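Please open the model in your viewer and keep the sequence panel beside it. This tour goes from one selection to the next and says what to look for at each stop.

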Amino acid sequence: MANDSTESIGKRVELEKTRLDLKNSEVCSALDIHLSTYRNYETGKRDMPISLLVKLWEMGFDVMYILTGNTLRELQAQQISTDASSNVSSDLNQRLIPSINSDSSNFLLDKMIHVEDAFQIAGAKGGEDYTYKDLVQIALVTADKPNTI
């Protein structure tokens with residue numbers, strides 16, 4: 001049964017497909033799903049699993065936009081605006097990885113920190129809304145994409 005959230009997510013998937021100038025058949029082929037299944041995602045009749053969101057990310061879909069309705073840049077701008085107006089140093093939310101400013105040579109850890117920063121900006125809480133496994137999976141997927149997250 002569709003709800004407002006899944007319908008909104010489905011609509012944003014459709015908008016991203018249009019932005020990327022892709023056809024349903026191309027998306028279905030890349031996701032390895034039937035057209036009827038994909039239509040159910042776009043109309044909000046079914047929730048899309050994270051594994052398919054990762055595949056959409058790999059195709060160039062803005063998954064942050066799909067999930068939140070805001071691009072990462074918009075979320076960062078909102079956070080900066082909130083921090084400036086509150087005039088308080090922000091301890092964003094509960095984190096799983098401490099935020100560090102270093103010249104770390106550990107590329108995967110750096111990616112995980114950036115992924116967690118994106119989750120934090122979106123208002124997610126470590127341990128409640130995402131796990132270490134989520135951070136590792138997304139960091140590995142984006143590791144070969146230097147300008148992501």
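Select Asp21 to begin, in this predicted model, and turn on the surface: Asp21 has a relative accessible area of 68%, and it counts as exposed because that value is over the 50% cut-off. Follow the backbone on either side and you will see that Asp21 sits in the loop between α1 and α2. The backbone angle phi deserves attention here, since Asp21 is not a glycine and yet has a positive phi of about 55 degrees. As background, most residues other than glycine have a negative phi.

Now move along to Asp32, which is found in the loop between α2 and α3. Is Asp32 buried or exposed? At 68% relative accessibility, Asp32 counts as exposed, and its phi is near 60 degrees, a positive value in a residue other than glycine.

Before going further, zoom out and colour the model by secondary structure. The protein has 8 helices and 0 strands, so that reading along the sequence gives the pattern α-α-α-α-α-α-α-α. Of the 149 residues in the protein, 30% are buried. Among contacts between residues at least 6 apart in sequence, 61% join residues that are at least 24 apart.

Next, select helix α1, which covers residues 4-19, and within that helix pick out Glu16. With a relative accessibility of 5%, Glu16 counts as buried, because the value is under the 20% cut-off. Show the side chain of Glu16 and follow it to the backbone nitrogen of Asp62, which it reaches at 2.7 Å. If you leave aside the neighbours within four places in sequence, the residues in contact with Glu16 are Gly60, Phe61, Asp62, Tyr65 and Ile66.

Stay in helix α1 and select Lys17, which is buried, with a relative accessible area of 9%. Which residues does Lys17 touch, once its neighbours within four places in sequence are left aside? The list is Leu22, Lys23, Asn24, Val27, Tyr38, Glu42 and Phe61. One of these deserves a distance label, since a polar contact of 3.1 Å joins the side chains of Lys17 and Glu42.

Follow that contact across to Glu42, which is found in helix α3, residues 35-43. Glu42 counts as buried, at 11% relative accessibility. Besides the contact with Lys17, the side chain of Glu42 has a polar contact of 2.6 Å with the side chain of Tyr38. Not counting residues up to four places away in sequence, Glu42 touches Glu7, Gly10, Lys11, Val13, Glu14, Lys17 and Asn24. You can also draw a line from the C-alpha of Glu42 to the C-alpha of Arg12, which are 8.0 Å apart in space although 30 residues separate them in sequence.

Select helices α2 (residues 24-31) and α3 together and turn the view until you can see how they cross. Their axes come within 10 Å and cross at roughly 105 degrees, and α2 and α3 are therefore roughly perpendicular to each other. Asn24, Val27, Cys28 and Leu31 of α2 make this contact with Leu35, Tyr38, Arg39 and Glu42 of α3. Sorted by class, the contact holds 5 nonpolar, 1 polar and 2 charged residues.

Keep Tyr38 highlighted: leaving out residues up to four places away in sequence, Tyr38 touches Val13, Lys17, Asn24, Val27, Cys28, Leu31 and Ile33. Tyr38 also belongs to the largest nonpolar core, a set of 14 residues in which Val13, Leu31, Tyr38, Met48 and Leu56 have the most contacts inside the core. Helices α2, α3, α4 (50-59) and α5 (63-68) each supply at least two residues of this core. Apart from this core lies another, of 7 residues, among them Ala124, Tyr130, Leu135 and Ile138. In soluble globular proteins, nonpolar side chains tend to be buried together.

For the last stop, select Thr131, which lies in the loop between α7 (107-121) and α8 (132-142). Thr131 is partly exposed, with a relative accessible area of 37%. Finish by drawing a line from the C-alpha of Thr131 to that of Glu116, a distance of 9.8 Å in space between residues that are 15 apart in sequence.

Terms used:
Residues numbered from 1 in each chain as written. Predicted model: local features only at pLDDT ≥ 70, side-chain atom pairs only at ≥ 80, totals over all residues. Heavy atoms only, no water. Helix = DSSP H or I, 4+ residues; strand = E, 2+ residues; numbered from the N terminus. Buried < 20%, exposed > 50% of the residue type's maximum accessible area, 1.4 Å probe, protein only. Contact = heavy atoms within 4.5 Å. Polar contact = N/O pair within 3.5 Å; in protein donor to acceptor, adjacent residues only side chain to side chain. Axes fitted to C-alpha atoms, helices over the stretch in contact; angles between N-to-C directions. Parallel < 35°, antiparallel > 145°, perpendicular 65-115°, else oblique. Nonpolar A, V, L, I, M, F, W, Y, C, P; charged D, E, K, R; others polar. Core = buried A, V, L, I, M, F, W, Y, C linked by side-chain atoms within 4.5 Å.
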